[in-house]
Amino acid sequence: MSTETDDPLFTEIDLEWEHLKNRLFLGVIFAASMFGVVMLALLLLDVATDFYVGVTEYDIGLGEFFTRDGSRREELAGFRGAIVASIMLMVLTAILSFFVGVGSAIYLEEYAPDTRVTRLIEANLANLAGVPSIVYGLLALAAFVNGIGIGPILIAGSVALALLVMPIIIVTTQEALRSVPDGVRNGSYATGATEWQTIRRVVLPAAMPGIMTGTILALARAIGETAPLIMVGALFVNRTPFGPFDRFSAMPTQIYNWAAEPSQHFVHLAATGIAVLLAFVFVMNGIAVYLRNKYETDI
Amino acid sequence: MSTDTEPRPGIAGGTARRDLEANRRARRALFGCAAITVLTTLAIFFVLIDNAASYFFGARITEMLLGASAEQKVTFTEFFTGTRWAPDHATPAHGALPIIFGTLAITVGAAFVSIPIGTATAIYLSEYASDGVRAKLKPTLEILAGIPTIVYGYFAIAFINPVVLAPIAEALFGINIGRYSMLSGILVVGIMTIPMVSSISEDSMSAVPDDLRNGAYALGATRFDVSTKIVLPASISGVFASYILAVSRAIGETMAVTLAAGFNANVTANPFSEIMTMTAYMVSMARGTSAVGTVEYQSLFAVGLVLFVMTLTMNLLNDRFKRRFQEEYR
C-alpha cells in the first residue's frame with residue numbers, strides 16, 4: 001500500500017506494519033491489564049469455593065462459627081472471639097488515630113508556616129507511610145507490651161494500628177481540607193472570625209465527608225493488618241476478650257493460625273474466616289465510596 | 001467556648017481577646033498532634049537501635065548508659081556475611097545472609113511481575129482505554145489493592161502453590177514441592193503490587209500535557225509511538241517512583257510471603273524450594289513465646305532494623321523521584 005505511493009517522502013514507512021505494531025501492542029497491554037482482573041477473580045473464586053466446601057464437606061456450621069470461640073480442636077473452633085476483638089480494635093484505633101490525625105492535618109494545612117520544621121514534618125509523613133507494618137508492631141512490642149509492661153493486650157494492638165493508619169488519615173484529611181475553596185475561608189475572616197473559629201465552624205463541616213471517607217478507608221486497611229498484631233503477641237488466644245485490657249486474637253491473626261495448620265479442616269475454617277473478613281473490608285469500602293459520591297458535588 | 005450564643009457587639013475587647021487566646025491554644029494543640037508523627041519516627045529509630053544493640057553487644061543502649069558492661073556477642077561481619085541463620089539454635093549461628101537473600105529474591109522476582117504488568121496496565125488506562133472501560137477497570141484494581149495481605153497469603157498456600165505450581169514442577173522437572181515455595185511468594189507479592197505500579201504510573205502519565213501527544217499525532221505517529229516515545233519518557237520519573245514504592249512494599253511484605261515462601265532459611269537458586277524472608281523470620285519468632293532478654297527477642301530488632309533501613313532508603317529515593325516529577329509539569 002504505502003510502498004506504492006508516488007510521494008518519495010513516505011516510501012520508507014511501511015504503514016501497514018506501523019498499524020499492525022499498534023494493534024499488537026494494544027493486544028499485549030490489554031492482556032496485561034486483564035491479568036490483575038483475572039487474578040482478583042481467581043482469588044475470590046478460590047475463597048468462595050473453599051468456603052462452600054468447608055460448609056458442605058467439613059460441616060462448618062455458620063451458626064456455630066459465629067457463636068463459638070476459637071479452639072485447638074478443629075470441630076469446635078469458631079470465630080466469635082476474633083470478630084469481637086477486631087471490632088473492639090477498630091473502635092480503639094479510630095479513637096486513637098482520628099483526633100491526632102485530623103489535628104495534624106489541620107495544623108499542616110491551615111496553620112503551618114512554610115518553615116524548615118513544617119517541611120520536615122511533611123517529609124517525615126511521606127516516610128512513615130512507607131514503613132512496613134511489621135515495624136509498627138515491633139515499636140508497640142518494645143515500647144508498650146514490654147516497655148511500660150502492659151502485656152499483649154488489645155490496647156497495645158490498637159496503638160500499633162493507630163500509628164500505622166495515621167499517615168493515611170492525615171493525607172486524606174489534608175486533601176479534604178484543600179478541597180474547601182479559599183473564598184469560604186475569606187468570607188469567614190471578613191466577619192472577624194479567628195482562624196480557629198473559621199476552621200471549627202466553616203472549614204471542618206465542609207471537609208467532614210472527605211475526612212470520614214478517608215478515615216473509613218484507613219480503618220478498612222487496619223482491620224486486615226496481621227503482622228503488627230502478631231508482633232504484639234495476638235496469637236493463640238481463643239476466648240472473647242472482655243475489654244481493652246484483655247489479651248486477644250483478632251480476625252486476621254486467627255485466620256493466619258488456621259491457614260498455617262496442616263489439617264484441611266483448619267484450612268477451610270480459614271477460608272470461612274476470610275469470607276467474613278472480606279465482607280467487613282468490602283462493606284467499609286462501600287460506605288466510604290457511598291459517602292464520597294453523595295457529598296462529592298456539595299461544595 | 002461559649003462565644004457563639006452571646007451577641008457580639010463589634011470588637012468588644014473581652015471576647016476578641018478570648019477568641020484570639022482560644023486560637024493560640026488550638027494552634028499549639030494542633031502542632032502537638034503534628035509533632036506526634038515526628039515522635040513516632042524517632043521512637044521507631046530509638047526502639048530498633050536500642051534493642052538491636054542488645055543483640056550485637058549484649059546490653060541495650062539504655063542499659064549501657066546505666067553502667068551495664070558491653071561486649072560484642074555478634075560481629076557485624078558474621079551478621080552480614082555468615083551463611084547460616086539459627087540464632088535460637090543450641091549451637092547458634094548469626095549469619096543473616098540467607099534471610100536477607102530471601103527478602104531480595106522475593107523483591108526482585110516480584111518486581112519482574114509487577115513492573116511490566118503494572119506499566120502496561122497504566123499505559124492501557126491512560127492512552128488506550130475508553131472512558132467506560134476505565135470506569136470499570138480502575139475500581140477493580142482498587143479492590144485488588146484493598147484486599148488484606150493475609151488473604152493473599154491464603155491464596156498462595158491454598159491455590160497458587162498446590163493447584164498452579166505443584167503440577168508444573170511435577171510435570172516439567174519431576175520435583176515434588178512442599179507447602180511453600182519461593183516462586184509462589186514471588187507471584188503473590190508481584191500480583192499484590194501491580195495496583196501500586198499501575199495507579200501511580202497512570203497518574204503521572206495522565207499528567208503529561210495533551211499538547212505533547214497532539215504534536216506527535218500531527219506528525220503521523222500511531223498511538224503506540226505516542227505511548228512509548230512521548231508519554232512514557234515524559235512521565236518517567238513518576239513511573240520510577242511507582243516502581244520504587246512497589247519494591248519498598250515488597251521488602252516489607254509479611255503475611256503473604258510468610259504463608260507463600262515458608263520458614264527455611266537458605267540461599268538457593270531453585271524457585272521451587274522453600275526459603276525464609278526477614279519478615280517471615282520475625283513472624284516465626286513471634287509465634288514462639290520469645291521472652292524479653294532471649295536472643296530470639298533481641299534478633300527480632302536486629303532484623304527489624306535492617307528491614308527498616310532498607311525501606312527507608314527506598315522511601316527517600318521515592319521522595320526524590322516524586323519531587324522531580326512534580327517540578328516538571330507544575
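Domain bounds, as used in this tour, come from an automatic or database domain assignment. The model itself is predicted, and the stops below go from chain A to the chain A–chain B contact and then to chain B.

**Chain A, domain by domain**

Begin by selecting residues 2–57 of chain A, which form domain 1, and then give another colour to residues 66–295, which form domain 2. The centres of domain 1 and domain 2 of chain A, taken over C-alpha atoms, are 37 Å apart. Where these domains touch, domain 1 of chain A contributes 5 residues and domain 2 of chain A contributes 7 residues; on the domain 1 side of chain A, 3 of the residues are nonpolar, 1 is polar and 1 is charged.

Next, select residues 83–288 of chain A, the range that an unreviewed UniProt entry lists as "domain: ABC transmembrane type-1". This range is 77% helix and 0% strand, with 21 Å between its end C-alpha atoms.

The UniProt record, again unreviewed, also annotates several stretches of chain A as "transmembrane region", among them 150–171 and 202–223. If you select residues 150–171 of chain A, you will have a span that is 82% helix and 0% strand, whose end C-alpha atoms are 31 Å apart. Residues 202–223 of chain A, by contrast, are 100% helix and 0% strand, and the end C-alpha atoms of that span are 32 Å apart.

**Where chain A meets chain B**

Now show both chains and look at their contact, in which 71 residues of chain A meet 69 residues of chain B. Highlight helix H1 of chain A, residues 15–57, since this helix supplies the largest share of the chain A side, 20 residues. Colouring the chain A side by residue class should give 49 nonpolar, 17 polar and 5 charged residues.

**Chain B**

Turn to chain B and select domain 1, residues 13–73, followed by domain 2, residues 95–328. The C-alpha centres of domain 1 and domain 2 of chain B are separated by 33 Å. Their contact brings together 8 residues of domain 1 of chain B and 7 residues of domain 2 of chain B, and the domain 1 side of chain B consists of 6 nonpolar and 2 polar residues, with no charged residues.

Finally, the unreviewed UniProt entry marks spans of chain B as "transmembrane region", including 99–123 and 297–317. Residues 99–123 of chain B are 100% helix and 0% strand, with end C-alpha atoms 35 Å apart, while residues 297–317 of chain B are likewise 100% helix and 0% strand, with 31 Å between the end C-alpha atoms.

Key
Residues are numbered from 1 along each chain as its sequence is written. Chains are lettered from A and ligands numbered from 1 in the order in which they are written. This is a predicted model: local features need pLDDT of at least 70, side-chain atom pairs count only at pLDDT 80 or more; totals for chains, interfaces and linings use all residues. Two residues are in contact if their C-beta atoms, placed from the backbone, lie within 7 Å. Ala, Val, Leu, Ile, Met, Phe, Trp, Tyr, Cys and Pro count as nonpolar, Asp, Glu, Lys and Arg as charged, and the others, Gly among them, as polar. Helices (H or I, at least four residues) and strands (E, at least two) are DSSP runs, numbered from the N terminus. UniProt positions are given in the numbering used here, feature names are shortened, and annotations may be inferred rather than shown by experiment.
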